[in-house]
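Me: I have a model open and some terms to check. Let us go through them one at a time.

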Amino acid sequence: MRKTAKTTSRFLRRFWRGLREWCGDAAYESYLRSPGTQSGARPVLSAEEFYVEQLNRRYSHPNRCC
Amino acid sequence: MKRIFVIVVWLGVALLGAGAFGKIAFDRGEPLNATWFVVAAVCCYLVAYRLYSAFVAAKVLALDDSRATPSERHDDGRDFVPTNKWVLFGHHFAAIAGPGPLVGPTLAAQFGYLPGTLWLIAGAAFAGCVQDFVILFCSIRRDGKSLGQMAREEVSERGGFIAQLAVLAIMTILLAVIGLVVVNALKSSPWATFTLAMTIPIALLLGLYLRFVRPGRVLEASVMGVAFVLFVVVAGQWVADSPWWSRVFTLSGVALAFAIIVYGFAASALPVWLLLAPRDYLSAFIKAGAIFTLAAGILFVRPQVLMPPLTRFIAGTGPVFAGKIFPFCFITIACGAISGFHSLISSGTTPKMILRESHARFIGYGAMLLESFVGVMAMVAACAMPPGIYFAINSPPSIVGGAGDAAAATISGWGYPLQAQTMTDLAHKVGELTLWNRAGGAPSLAVGMAQIFSSTIGGERLLSIWYHFAIMFEALFILTVLDAGTRVGRFMVQDLGGRVWKPFGRTGWMPGILLSSAIIVALWGYFLYQGVVDRLGGINSLWPLFGISNQLLAAVALVVATTILMKMGRLRWIWVTLLPMAWLVVITMTASYQKIFDANPRIGFLAYAHALAAQIANGKIPVEKIAETHRLIFNQRLDAAVTGVLAAMILVLIVEALAQWYSILSRRKGPVLHESPYVATRWAANFSGAAHGDD
């Protein structure tokens with residue numbers, strides 16, 4: 001019983017995390033964790049700056065198909 | 001023992017698939033149950049994935065998990081982000097799944113359910129999935145380079161330029177034709193027009209929330225947005241019931257076309273966070289939900305497929321679009337089986353986020369299988385309604401003789417019994433003023449979906465809500481493609497213009513933004529307007545033109561893939577990309593030739609122009625319509641020229657590639673492969689991309 005609860009809870013946690021990554025909710029967290037940011041080579045963007053910059057990049061090449 | 005068990009299971013899947021396929025292909029008795037389609041498709045996909053994609057992965061591409069992917073080498077948290085393969089599958093699928101696999105099969109249903117279904121499944125397994133998979137692999141090995149860059153480096157400079165022009169051409173025609181689908185879905189429909197119009201303020205509200213209130217909190221904003229959208233779907237009914245508001249939102253085709261053109265310009269020129277991105281978030285969630293609901297609905301309701309396997313229109317006299325089953329079935333299905341546009345996604349964001357080379361099989365091949373399944377579901381939804389209703393919705397008035405009794409008599413005369421009252425009742429049940437002559441695929445698909453949904457939840461009472469939910473779902477994500485495409489087209493125009501005059505190429509320069517947005521919108525807007533005023537219904541000329549350009553882009557991608565495989569020394573397996581490429585060249589060249597030169601005015605652009613000119617010369621056109629007819633003649637000649645240019649582009653590219661292949665095969669020139677150098681991965685074998693610390 002406890003094992004089932006544990007498996008279910010792990011599945012739900014993973015699903016939730018996957019959903020956040022899929023829709024872009026976790027993008028800023030990934031950015032903060034990335035080696036490129038942690039190296040300190042470039043100034044770290046605020047959540048707002050990152051959001052706008054990310055959207056400008058994403059919608060400058062084909063990202064939605066027919 | 002375990003091995004024997006696995007073999008037995010896979011043998012069982014293969015036999016089940018073959019049996020279901022046989023039932024679909026050879027059963028000529030009672031109407032078929034849709035379950036057979038689902039079983040045949042799923043079993044074929046499983047076998048194709050297990051065997052063919054594994055063969056391509058192991059033998060043809062020799063995927064190497066010891067090699068670091070671009071996301072590992074350049075991990076910057078922006079473009080290059082190591083991503084869990086399930087999450088990236090979702091990203092990739094959301095990017096490739098557009099209106100094409102819904103609309104194409106719905107239109108191709110005029111040939112009957114069989115040819116379209118066969119091509120959707122076989123085309124995806126042997127052509128579409130292979131293209132997506134191989135191009136993804138090629139791009140991964142080149143640090144995520146685009147198709148144009150790969151064509152330039154691996155085929156020739158000119159090849160790269162042709163690929164860039166082909167992308168701009170397909171984008172222009174694509175945006176026009178999907179705009180036309182929206183126009184035909186919203187025409188004379190206050191409910192649907194109100195619902196879709198309201199998604200704009202909802203998106204603006206979300207945009208402001210995500211920018212200033214809770215930056216980047218996409219999930220919570222999307223949940224709010226989806227709730228608002230569902231509310232306006234229901235509220236549309238009140239608008240339709242109010243005489244004053246209903247008049248405000250009842251727009252003609254031309255008015256809707258101009259509204260869409262203005263919207264496209266605004267979405268391209270406004271900051272992306274304000275309108276485009278929040279609308280995309282809404283669209284992604286609703287798209288995922290609607291596709292899942294449709295699949296569940298088909299499995300739950302198990303509708304009967306009422307369309308015959310083959311109709312009388314395979315000979316080329318179809319009312320929805322003219323042309324014989326070969327090549328027009330393949331051209332019409334397009335994205336559900338193979339889409340050139342996917343090669344742009346496979347050489348865009350996805351290769352920069354992939355964790356391991358082996359994931360390319362699941363993401364590249366697997367996501368396209370799922371897209372094909374969406375196409376099969378659309379085919380089922382379109383074929384589950386009585387054929388008479390299908391033809392009444394999708395035929396232009398010039399073919400069926402208007403609406404009402406005359407049109408019902410024409411359609412019944414084709415052997416598909418229909419009474420005018422049936423259409424009146426159906427329109428009333430779904431809350432529309434009329435369902436006659438709504439070519440474009442969206443309304444008929446919405447009727448099919450609504451019937452399946454309402455049989456699951458709500459019954460006939462909710463038929464109108466489900467119908468407008470389906471229309472909103474289709475129109476919402478069509479407009480998402482339209483605004484995202486216009487913006488990308490704007491960048492392409494700026495890129496090309498910047499070569500002539502440097503300031504124009506600066507993406508942050510406001511006059512450049514406005515002018516390039518106006519140019520790209522004018523390009524597709526012209527074709528959209530032309531489609532709306534076309535006496536043959538617009539779809540008849542624009543959808544085949546879109547199909548041809550899309551399949552030509554796929555041929556470009558496969559030329560690049562074949563050249564790369566040849567340079568890699570995989571000559572033995574070259575047929576994997578060469579055969580689909582040859583097939584695409586044959587169908588696109590045949591279709592292009594017929595669309596330009598066929599003597600039937602409904603097929604050949606020049607023949608139609610000639611027929612219209614003859615009508616003017618014979619005094620059959622009233623004086624007040626002469627100027628309009630001259631414009632129609634010009635449009636037909638323009639369409640013929642565009643088709644000719646597209647065909648010429650692929651021929652030039654093939655000649656370039658043949659010269660390259662000849663030098664490689666004759667060993668005159670050593671093959672120069674532009675792959676990034678091998679770097680060994682430093683990630684552990686069980687690293688899943690989610691292991692950034694929080695599991």
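**The A–B contact and the helices of chain B**

Reply: Start with the chain contact. Chain B gives 49 residues to it and chain A gives 34. Keep in mind that this is a predicted model.

Me: Which elements of chain B give two or more residues to the side that touches chain A?

Reply: They are helices H4 (85-96), H10 (218-241), H13 (276-301), H15 (342-346) and H23 (463-500) of chain B. H23(B) supplies the largest share, seven residues. By class, the side of chain B that touches chain A has 26 nonpolar, 17 polar and six charged residues.

Me: What makes H10(B) oblique to H23(B)?

Reply: Their axes come within 10 Å and cross at roughly 125 degrees. Perpendicular would need 65 to 115 degrees, and antiparallel over 145. The angle of roughly 125 degrees fits neither class, so H10(B) is oblique to H23(B). The crossing is right-handed.

Me: Which residues make that contact of H10(B) and H23(B)?

Reply: From H10(B) come Val229(B), Val233(B), Val234(B), Gly236(B) and Gln237(B). H23(B) answers with Ser464(B), Ile465(B), His468(B), Phe469(B) and Met472(B). Six of these residues are nonpolar, four are polar and none is charged.

Me: Why is H22(B) called oblique to H23(B)?

Reply: Helix H22 (residues 442-456) of chain B packs on H23(B) at about 135 degrees, with the axes 8 Å apart. Roughly antiparallel starts over 145 degrees, and roughly perpendicular ends at 115. The angle of about 135 degrees lies in neither range, so the pair is oblique. This crossing, too, is right-handed.

Me: What residue classes does the contact of H22(B) with H23(B) have?

Reply: It has twelve nonpolar residues, one polar and one charged. Among them are Leu445(B), Met449(B) and Phe453(B) of H22(B), and Trp466(B), Tyr467(B) and Glu474(B) of H23(B).

Me: Now helix H20 (residues 405-413) of chain B. Which of its residues are buried?

Reply: Ala407(B), Ala408(B) and Ile411(B) are. Buried requires 20 or more other C-beta atoms within 10 Å of the residue's own.

Me: How do you know that they are on the same side of H20(B)?

Reply: Their arc around the axis is only 100 degrees, which puts them on the same side of H20(B). There they pack against helices H18 (387-394), H19 (397-400) and H21 (420-429) of chain B.

Me: What does the face turned away from the buried side of H20(B) carry?

Reply: The exposed residues Asp405(B) and Gly413(B). Exposed means 12 or fewer such C-beta atoms. After H20(B) comes Gly415(B), with a positive phi near 100 degrees.

Technical notes
Residues numbered from 1 in each chain as written. Chains lettered and ligands numbered in written order. Predicted model: local features only at pLDDT ≥ 70, side-chain atom pairs only at ≥ 80, totals over all residues. Helix = DSSP H or I, 4+ residues; strand = E, 2+ residues; numbered from the N terminus. Arc of directions from axis to C-beta. Contact = placed C-beta atoms within 7 Å. Nonpolar A, V, L, I, M, F, W, Y, C, P; charged D, E, K, R; others polar. Axes fitted to C-alpha atoms, helices over the stretch in contact; angles between N-to-C directions. Parallel < 35°, antiparallel > 145°, perpendicular 65-115°, else oblique. Left-handed = near helix turned anticlockwise from the far one by under 90°.
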